[in-house]
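Thank you all for coming; I would like to take a few minutes to walk through one model with you. Please have the sequence and the structure open while I talk.

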Amino acid sequence: MAIEVRNLNVWYGRSQALHDITLTIESQGATAIIGPSGCGKSTFVRCLNRMHEEIAGGRVEGEVLVEGINIYERSIQPVYVRRHIGMVFQRPNPLPTRSIFENVAIGLRLNGLARGDALKEIVERSLTQAALWDEVKDRLNESAGQLSGGQQQRLCIARALAIEPKIILMDEPASALDPISTFQIEDLMRELRKTYPVVIVTHNMQQAARVAEKTVFFLQGRLIEQGETGKFFSRPQKKETEDYISGRFS
Amino acid sequence: MSITVEQQQPTANPFQAPRTAHNARRRISNIAIVALSLLATAFAVAVLLFLLLYVLRAGLPYINLDLFTKIPTPNGEPGGGLANSIQGSLILVGLASLFGIPLGLFTGIYLSEFGGRGPIATGVRFLVDVLTGIPTIIFGLFAWIFIVVPQQSFSGLAGGVALGIIMIPIVARTSEVVLRLVPNELREASLALGATESRTILRVVIPSARNGIITGIVLAMARVAGETAPLLMTAFGNPFFNSDITQPMDALPLRIFNFAESPYQAQINQAYAGSLVLIVLILITSFAIRWATGGFKHGGR
Amino acid sequence: MQQSLPGTRNVARLLRWGNRRLSDTIFRGITILLVLFVVAIVAGVAWILISNSMPAIQKFGFRFLTNQAFDPVHNVFGVGPAIFGTLVTSAFAILFAIPIGVGTAIFLVDFCPRPIQSPLAFIVELLAAVPSVIYGLFGFLVLAPWLQGSAEPWLQKYLGFLPFFQGAFHGLSLFTAGVILVIMVLPLITSVSREVILTTPTTQREALLALGATRWEVIRHAVLPYSRIGITGGVILALGRALGETMAVTMVVGNQASPISPGLFNSGYTLASVIANQFNEATPGLFFSAVIEAGLLVFIITLITNIIARVLIYRMGHRVGGLAT
């Protein structure tokens, strides 16, 4: 499996956001994390690439094993964890002062992974993977700020793909986008899950059903239920899950 | 499950830093920036501490009751004090406040309560901001030409006016900021109860922002208490007690300026003592303001 | 319920509480009157400076900027050396204050342990609250002798190939004035930079962090590009401050004419120090007018730098406040 989470407890300062989470993410396919606002799903995902500790008062206890290695091990620097675990955020965040090309290239440059022609090839390949190449191939040097919301998000996906992460994390990647862009992103997710383990946080249950093979339900910082998506939605085992699915609370 | 030989062999930990020159450089530049920025901060803090401690050490021995009760002795004879300078400063700051507080406060009121985001208000706001950047000696020149020259005499009045102008933008800016922080719901409630605009502002809005406004005023007063340049050609200085604002008047910063370059050690000592008094005043007001604005972010009551 | 614009007037308009009483009109009238008075003062300052400089402007024209001295005997006045001194000391101050100031801001925001961040920032701001006459006192009595005895010889010994560090050592010199100015504008640059850096959107930082960027790389690629404009505004604001600083500079710059040369260890003077030194000697007429014209120049220079700076800072979307500004 790609990720094994063991007894994860997470705090913001004094208040505990996640309680004793134990979970595995398969090494292929998409896993959706659903739950009402404030249930801790974003927090959880940010613990998978050691982003949570960048927040003031953020604290993590427990183990997160990626390919058998605990990424929270003392000797491991977060910088090299994040390089291997890509993330796409809720609001598209390309670097506005840079060109489209530079936005994709920056991860490669920072990590010293490619230069010159090899760099250009990888940028093209990543933009193609993100289904954006045709739309931008003639204006690679334009500022990234010129793109539409959906295009910017695909740019961010291309940026993440360029450095060949082992895992892709997506924190509500389509929630700030219009419906058409949302469908495009969902198409992309279905493509990506063929080659990468993808973890998607979403508040949209239909999206989870469309995109993920496995679904996990969080409520108030606890893992309530997880399972194969079809069974999860048609025959939920816990009452809380059923309540949430049927819309009793959201 | 069985463990094959391949799995047993420790695979290179992909999360360890790759040992490349590139990564070594990244590590170095990261450390370098932390070190350099720390150094910069340490420099700034060290300079301040050194300055404060030096003035403390040089001035403290000469702080005594005489300093606050006697006037300077002629020709650097030992003894004497800075009483006239302190009295002059008090009078000048008082005068400046009479002039600067109403003008500054009402400008702040205008910008917050009447002007909003209109073009005129934006212009006034910009003007106020620009005013803070004008060197204070310019206002001294203004008062010199406007008051001193026609009167043919240096005067405390001219000094007070110059200092008052300096206070205006400080009071205006801080007042506007705190008045804006008063929640609109308060204004709506007051008006809905039938109060007039003026009543709302005077009885509801301003009292809510009272702490912040006082903070701004204290800030402005402390600021002008330390000003020297505008007083050079207005109040001019006076080695004797004088509370007549139509005559030249002394002020603590003026006296410090005067004594700092004196050939007499006794006067230099008093310059340090005077500086210490001034610095203590500034420190107290700075800390008080900070303490006051600490509870300030919760809404300005 | 729609969000009403701030301010009593706008709320009142919205609620259509139209019965404007007499008290309202009076209050509003007083307020506007006082605001007009403030505007009049600013205009008055400009007017008085211009009109009183006229005699000198008419007599000397642009030569005022190149004439070498205030010479009441021959009735020739000029601020050439003063302008030179002003530019040199201010440039020196900005040159060194930028790395120290921005460096401090970066440390405070990105590297400083959170509990001491605010107190430390406050301490740096305190530097701005110290009256300039005290900087002058310190400069005159402590810094100048030390620089003359230790720093200047050291600089000449190791960097003497640079024309800046050649020539005789003076404690009261352009160099000392420059050093004092560095200290005085430091808190301004730090304060503005810090405020601007704090507004860097977290999303930008996160974008880089997620790619495996180091702290420095996040600063370099997300924070600084974003903050560039605001920091530049702060620098220009600091420049304005340095150009107009009077007391501290007057007390340490030497106030003696030296031939204009790159040597920093020479004495000199600045526009502001000329005013401070000459106003009392000024006989009515041309001399007086020349002093005022020097003041007019200072006014114009600082006005322009201030306007440019504020525009840049506004572009970042906020006005800066705090002790230092």
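**A loop, two chains and three residues**

Let me begin with Gly212(C), which sits in the loop of chain C that runs between helix H7 (202-209) and helix H8 (215-244). Before going further I should say that this is a predicted model, and that the values I quote are to be taken in that light.

Is Gly212(C) buried or exposed? With a relative accessibility of 0%, and with under 20% as the limit for burial, Gly212(C) counts as buried. If we set aside the neighbours within four places in sequence, the contacts of Gly212(C) include Val79(A), Arg82(A), Arg83(A) and Asn111(A) from chain A, together with Arg26(B) from chain B and Glu217(C) from chain C itself.

Staying with chain C for a moment, we find eleven helices and two strands, and the order along the sequence reads α-α-β-β-α-α-α-α-α-α-α-α-α. Its C-alpha trace spans about 75 × 65 × 30 Å along the principal axes, and 58% of its 325 residues count as buried. Of the contacts in chain C between residues at least 6 apart in sequence, 72% join residues that are at least 24 apart. The accessible surface of chain C is about 13100 Å², and carbon and sulfur atoms account for 66% of that surface. As for charge, chain C carries 19 positive and 11 negative charges, and the mean positions of the two sets are 13 Å apart.

One helix of chain C deserves a separate word, namely H11, residues 286-315. At 1.5 Å a residue its 30 residues should span 44 Å, and the end C-alpha atoms are 43 Å apart, so the expected and modelled spans agree. H11(C) is also mostly covered, since 21 of its 30 residues are buried.

Turning now to chain A, the secondary structure comes to ten helices and ten strands. The radius of gyration of chain A is 18 Å, close to the 18 Å that the globule rule gives for 250 residues, and chain A is therefore as compact as a globular protein of that length. Its C-alpha trace spans about 55 × 45 × 30 Å along the principal axes, and buried residues make up 56% of the chain. In chain A, 66% of the contacts between residues at least 6 apart in sequence join residues at least 24 apart. The accessible surface of chain A is about 10800 Å², with 45% of it belonging to carbon and sulfur atoms, while its 31 positive and 30 negative side chains have centres that lie 3 Å apart.

Within chain A, I would point to Arg46(A), which lies in helix H1, residues 41-48, and which counts as buried at 13% relative accessibility. Beyond its neighbours within four places in sequence, Arg46(A) is in contact with Met51(A), His52(A), Met87(A), Phe89(A) and Asp171(A), and also with Glu206(C).

Finally, chain B: which residues does Leu103(B) touch, not counting those up to four places away in sequence? They are Ile168(B), Leu34(C), Phe37(C), Val38(C) and Ile41(C). Leu103(B) is found in helix H4 of chain B, residues 83-115, and is buried, with a relative accessible area of 4%. Leu103(B) and Val171(B) are 68 residues apart in sequence, yet their C-alpha atoms are 8.5 Å apart in space.

Methods:
Residues numbered from 1 in each chain as written. Chains lettered and ligands numbered in written order. Predicted model: local features only at pLDDT ≥ 70, side-chain atom pairs only at ≥ 80, totals over all residues. Heavy atoms only, no water. Helix = DSSP H or I, 4+ residues; strand = E, 2+ residues; numbered from the N terminus. Rg over C-alpha atoms; globule rule 2.2 N^0.38 Å. Buried < 20%, exposed > 50% of the residue type's maximum accessible area, 1.4 Å probe, protein only. Contact = heavy atoms within 4.5 Å. Areas by Shrake-Rupley, 256 points an atom, 1.4 Å probe, with all protein chains shown as cover. Lys, Arg positive; Asp, Glu negative; His and termini not counted. Charge placed at Lys NZ, Arg CZ, Asp CG, Glu CD. Expected span 1.5 Å × (residues − 1).
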